[in-house]
Amino acid sequence: MTEPHFRAEQLHLSGVTHGYGDRELFTGVELVIAAGEHAAVVGENGAGKSTLLRILAGIEAPAEGTAQRHGRVGYLAQTSGLSARLTVADAIDEALRALREMEAELERLEDGLAGAGPAELEAYGNLQTQYQLREGYAAESRVEAALDRLGLGGVDRGRTLGSLSGGEQERVALACLLADPADILLLDEPTNHLDASGTAWLEGRLAAHRGVVVVVSHDRVLLRKVATAVIEVDAERRTVNRYGNGYDGYLKEKRAERQRWVQQYHGWLDAMDAERRQADTVAGRMGYARRRDNDKAAFDYKTGTWERAAASKIRNAQERLRRLEDNPVERPPERLKLDAGLHSGLDGGSSGSGHPEAADGVLHARNTRVPGRLDVPEFRLDRGQKILITGPNGAGKSTLLSVLAGTLEPASGRVVRHGRIGYLQQELELPEHPALRLLPAFAAGLGGNIDDHAEALLRLGLFRTSEFQVPVGALSAGQQRRLALARLLLGHKDVMLLDEPSNHLAPALVEELESALADFDGTVVMVSHDRALGGWFDGCADRSRGRAGEGASGRWLRYTMADGMLEKVALPA
């Protein structure tokens, strides 16, 4: 017999402390998530969001404290974790195994209903109720609908998962999870590999889920539409804090919280300064009084009384100062803040490689074809242009960027490149040397002095000095993404090709990256499903037209891709 479908509290962490080695992620966590709540987990990359989700799921045990779950748990990791040898059909069968076992048991009990006693009839009724609550009769149609809405409607179920791309594997895992949705859904970055249509569909499914939803996400639109509460993993204070009133309420409370903290910190500094000044002032007056009365043979009664009172004031000030020092207000941490200051290597009308920018522009693809994936007669990019490419999964967007970057050779056609090309891939490869520390990994192949690289990386604002010595194999997916982004941003590139640049990045960093790219004097080509980033792009295009008239419309361009073909789309008027 399973536990009741809902409890007043379905997830409960008590006194949870956890970390890895000598690095503590959070300590003394007390957290309750009640039935029906939809919560988002946010925090800087590497703060421990995925770890918290694994503890909630029961996949990882906390070093201290307890984690309790009441109800069935469905968990989606950032990487599917499914065996590459499984077929798509195998994965679906495993996801529906419990329901099919219930079906088989129901059939067995039905065969004996004619001569069944009260106990058998009760067992049959209970099992049928459970099956109906889980909407078992609609499971197969849910799988079909999920695969279709996630862009996998035509996938051959006989294909092995290893033959699919990483994004396709993640979408299969998501479809399987939603085929028989558990009471408690725990999802780690579920939109990273979804297009706009798939993300909108997922939002609707999560919003309609009657049980608990806990989602780690950097998707700003999803956070606003789904989350009724926000759980922040604070890397600086090693705490897990809960905020109500949705994502916008969280942002408002965080601003007010930081303002209070800053006021308390400066009040503590002012109080310390005031006590020091008082002690120094009284001590100075005593010294002056002694110098003034130095010619007297002895202190008179009033002088002695004054000095005793002054000494008492100094002692009291010093005691108050000691108490303030014993109870300090910590300085509010400076959050990571991207300060790219991007500039291309192009000067005037010449490329960074010394070749003039002629009619070819900085990038020019002609008759570029990759069979079954890409068919682009012509795609030209000029200096300073900002290009956004959208379209459904499998349309050929990442293939186009790979061809432009030169990492994929087309079957036919030609790509002319001028200047230095930087490419941020959507799927990052595993570190070749996982034991290598972050700072040497950043500096690898760049030449120059390691101290200069450390200063540049710190100034960029994507990492703190405390992270410089972390092995790259121990970095989170978000930190790996930030490392690749740092090498790109500090590489003095003329052209930046960015495939899903907002994936894994905290929302505040995405907004700062948007500003940096808008100010960049080089060329940018972005592939993205991020709807908030799309809104930013359209706003920049509109402001650019407003400042420079219709002549500026060629600087900000949107394209859409479908079936490997590229088409320019009109920006909103």
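In the predicted model, Glu232, Asp234, Arg237, Lys254 and Glu257 are joined to one another in a network of salt bridges. Within this group, the side chains of glutamate 232 and lysine 254 meet in a salt bridge with an N to O distance of 3.0 Å. Because glutamate 232 belongs to strand S8 (residues 229-234) whereas lysine 254 belongs to helix H9, the pair ties together parts of the chain that are 22 residues apart in sequence. Both partners, glutamate 232 and lysine 254, are buried.

Helix H9 takes part in another such contact, in which the side chains of arginine 224 and aspartate 248 form a salt bridge of 2.8 Å, N to O. This pair links distant parts of the chain, with arginine 224 placed in helix H8 (residues 220-226) and aspartate 248 in helix H9 (residues 246-292), 24 residues apart. Arginine 224 has a relative accessibility of 43% and therefore counts as partly exposed, and aspartate 248, with a relative accessible area of 44%, is likewise partly exposed. Over the whole structure, the search for such contacts finds 37 salt bridges.

A further salt bridge is found between the side chains of arginine 558 and aspartate 538, at 2.9 Å from N to O. Here again the pair links distant parts of the chain, arginine 558 lying in strand S17 and aspartate 538 in helix H16 (residues 531-548), 20 residues apart. Arginine 558 is buried, as is aspartate 538. Arginine 558 also has a place in the pairing of strands, since its bridge partner in S18 is valine 569. The two strands concerned, S17 (residues 556-562) and S18 (residues 565-569), pair in the antiparallel sense over five bridges. They form a hairpin with two residues between the strands, and in this hairpin aspartate 563 takes a positive phi near 55°.

Most residues other than glycine have a negative phi. Positive values are nevertheless found at two histidines in loops on either side of strand S15. Histidine 492, which has a phi near 50°, is situated in the loop between helix H14 (477-489) and strand S15 (495-499). With a relative accessibility of 53%, histidine 492 counts as exposed, because the cut-off for that class is over 50%. Histidine 504, whose phi is near 75°, lies in the loop between S15 and helix H15 (507-519). At 16% relative accessibility, histidine 504 counts as buried, because this value falls under the 20% cut-off. One of these two loop histidines is thus exposed, whereas the other is buried.

Turning to the charged surface, Glu103, Glu107, Glu110 and Asp111 form a negative surface patch. One of its members, glutamate 103, is found in helix H3 (residues 97-111). Glutamate 103 has a relative accessible area of 30% and is therefore classed as partly exposed.

Technical notes:
Residues numbered from 1 in each chain as written. Predicted model: local features only at pLDDT ≥ 70, side-chain atom pairs only at ≥ 80, totals over all residues. Heavy atoms only, no water. Helix = DSSP H or I, 4+ residues; strand = E, 2+ residues; numbered from the N terminus. Buried < 20%, exposed > 50% of the residue type's maximum accessible area, 1.4 Å probe, protein only. Pairing = 2+ DSSP bridges. Patch = residues over 30% accessible without salt bridge, like charges linked within 9 Å, V, L, I, M, F, W, Y side chains within 5 Å. Areas by Shrake-Rupley, 256 points an atom, 1.4 Å probe, with all protein chains shown as cover. Salt bridge = Lys/Arg side-chain N within 4 Å of Asp/Glu carboxyl O. Lys, Arg positive; Asp, Glu negative; His and termini not counted. Charge placed at Lys NZ, Arg CZ, Asp CG, Glu CD.
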